[in-house]
Amino acid sequence: MAIPAISLPTVTTTITATSSFNKLNKTPPKPFNTNLKSLTKSGKLNDALLLLESQKNSQPENKECYLNLLHACISQKSLEHGHRLYLHLLLNPNRSKLLNDPLILSKLITLFSVCDQLDEARRVFVHHGLENEDQPESVWVAMAIGYSKKGFFREALLIYCQMLFKSIEPGNFAFSMAVKACSGLSDLKVGRGIHAQIIKAVKEPDQVVFNAILGMYSECGCFEDVLKVFEEMPERNVVSWNSLIAGFVKKGQVFEAFETFRRMQRDGVGYSWVTFTTILAVCSQVTYLYYGRELHSQIVKSTKVPDLVLLNSLLDMYAKCGSMEYCRRVFEKMKYKDITSWNTVINGYAINGLMEEAMKLFHDMVGSGVRPDGVTFITLLSGCSHAGLADLGEELFESMSGDFGIRPSSEHYACLVDLLGRAGKIKEALQVVEKMPVKPSGSIWGSLLNSCRLYGNVSLAELVAEQLFEMEPNNCGNYVILSNIYANAGMWEGVKKVREMMENRGIKKEAGCSWIQVRNRVHKFMAGGGFEFRNSDEYKEVWDELSEAIDKMGYKPDTRVVLHDVNEETKAAWICGHSERLAAVFGLIHTGSGIPIRVTKNLRICADCHSWMKFVSEIARRKIIVRDTNRFHHFDKGLCSCNDYW
């Protein structure tokens, strides 16, 4: 490739640094190198360079001084001083040969890379590095790391391949860089090839290389390889354990991730903030509030200052566990907040049905000078949709571009269509779809289909479903919603047709599943399952007492939620086996009086279970908090936070 000529910036220097220094000091001047080192160490780069430039060729070269000065430029990301030092070396004949020194050259490449001057780094690498056939691994890796840290992983691997072509034996420094580049590309094939090179290498891989291999296999979803490498490692540090935990999380084995973290603590490995950030994300996923609070207490007790990423994860955990009081408390104590911090708390209020608080915080954010982004409005529009605030949602959609200059994306239009459809404004929702400047996505058609379910519009549902089946042929949810629409309309032939279509395409409906944490264990219940629990004496006693009490209060099973053509008695029996009910009864039995019952469900809560939860919360005098796929439902004293609109 043709390399453009180096553009040399004009640098004006003052040559009076040493003389001025001598006039101001009565004591004799320190030796040149000592002076330069002192100025560099104290971070006075300008004074150090003035001193260096004033000497011209009068002082003998000292590589250590240049290395220290380059290191200081890298630490401060000072492109200006780096350029001046490079020119000083380039234009002085006695010192230009230092540019062939691998240590000097590596630091120069690193300096330009960290200052976002990759083209300049590449020019230095080509003009001074490739001229010497014997350049060591460090120079090549410095250039490759420069590419990799800016996300140019393929270019980094090309540098690695060029190095191999030059018959330069890679070491741990090069191996770790190459494996990390494969992680960035999720390139398993090349990653396995480099792993084979590492195994065959004469020198044993160090901890950094092993951790890079773990990270690569985890990123590529090869969890068996992650486990194998982890068990074979001669030594493991915090990074190694973090990679194993991340591998479990990526595979969806969240409880194994928790157990690995406990084992990590038992073995006295310690932790990093990355460890806590990963585990807090899992707590958010499975509504593991009590464990999340335990982690919070460890963070508070730690002598280390938590970083912003960790605090944002803590906010997210509390919000997604339905504990907005703790979420807001953490938020208020944060010294620094970024847009993610604000969005996380706003989203927490929205999914917990607290739109008034969400809007108040939104106005506080704008008033404090933090500019909202697209995520902010997706959160607010979705919250308005589930709270039945169609007018407010439309105002927010207009203000997004009008007041804040944010161009609506496909996700924003999907929220608007859902907002209008849920409010019964299906005609207006269709007009939005027809007039929007972007092609309707699957989520937009899905919002329309859900609106058809809510209002029983079979004819429109069939047209929308055709679009969805073409766009998302393997999305189980679309088939289930259409089947539900047919079943609600008593069109059993339509239900049969959809089920046959799913069977022919190999699509299976996701089974209803709920889980609840009691003490240190998470208990999982499947719809229609839990026979051992349901046959126990304690279950029968509590169930019979509840059933008798809520029947006296007027509860009648809504068998319309059973979308099968069976008799009413069978439908009523099936309703009793819904997973969220089993989890709630388990919570009533195994938790103390006054403790809120927290249930998480993988699907939308059905209308009859929603009604049943309201009655039970009043009879048992217990708060029941259910998180389904859409939002939180806080049941208390016979009422729900969603106001029966979800």
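This passage walks through the confidence of a predicted model, one of its sheets and one of its helix pairs.

The reliability of the prediction is a good place to begin. Across the protein chain, the average pLDDT is 85, and 86% of the residues reach a score of at least 70. Residues 1-29 call for some care, as the pLDDT over this stretch is below 50. Beyond near neighbours in sequence, residues 1-29 have 30 contacts in the model. Where pLDDT is low, the predicted coordinates should not be read in detail.

With that in mind, the sheet can be followed from strand to strand. Six strands make up an open sheet with mixed pairing, and their order is E2-E1-E3-E4-E5-E6. At the edges lie strand E2 (521-526) and strand E6 (639-640), each of which pairs on one side only. Strands of a sheet pair through backbone hydrogen bonds, either parallel or antiparallel.

Both senses of pairing can be found around E4. Strand E3 (residues 597-601) and strand E4 (residues 624-627) run in the parallel sense and are linked over four bridges. Here isoleucine 597 has isoleucine 624 of E4 as its bridge partner. E4 also pairs with strand E5 (residues 632-636), in the antiparallel sense and over four bridges. In this pairing, isoleucine 624 stands opposite phenylalanine 635 of E5. Isoleucine 624 is thus a handy landmark, with isoleucine 597 as its bridge partner and phenylalanine 635 opposite it in E5. The connection from E4 to E5 is a hairpin of four residues.

The path then continues to E6, which pairs with E5 in the antiparallel sense over two bridges. Phenylalanine 635 has cysteine 640 as its bridge partner in E6. The hairpin of E5 and E6 has two residues between the strands, and in this hairpin lysine 637 adopts a positive phi near 55 degrees.

Attention now turns to a pair of helices. Two packed helices are described by the angle between their axes and the distance between the axes. For helix H21 (residues 339-351) and helix H23 (residues 374-387), the axes come within 9 Å and cross at roughly 5 degrees. Angles under 35 degrees count as roughly parallel, and H21 and H23 are therefore roughly parallel to each other. On the H21 side, the contact is made by Ile339, Asn343, Ile346, Asn347 and Ala350. On the H23 side, Val375, Thr376, Thr379, Leu380 and Gly383 take part. Sorted by class, the contact of H21 with H23 has five nonpolar and five polar residues, with no charged residues.

Key: Residues are numbered from 1 along each chain as its sequence is written. This is a predicted model: local features need pLDDT of at least 70, side-chain atom pairs count only at pLDDT 80 or more; totals for chains, interfaces and linings use all residues. Side-chain values use heavy atoms; hydrogens and water are left out. Axes are lines fitted to C-alpha atoms, for helices over the stretch in contact, and angles run from 0 to 180 degrees between N-to-C directions. Angles under 35 degrees count as roughly parallel, over 145 as roughly antiparallel, 65 to 115 as roughly perpendicular and the rest as oblique. Contact means heavy atoms within 4.5 Å. Ala, Val, Leu, Ile, Met, Phe, Trp, Tyr, Cys and Pro count as nonpolar, Asp, Glu, Lys and Arg as charged, and the others, Gly among them, as polar. pLDDT is the predictor's confidence in each residue, from 0 to 100. Two strands pair if DSSP finds at least two bridges between them.
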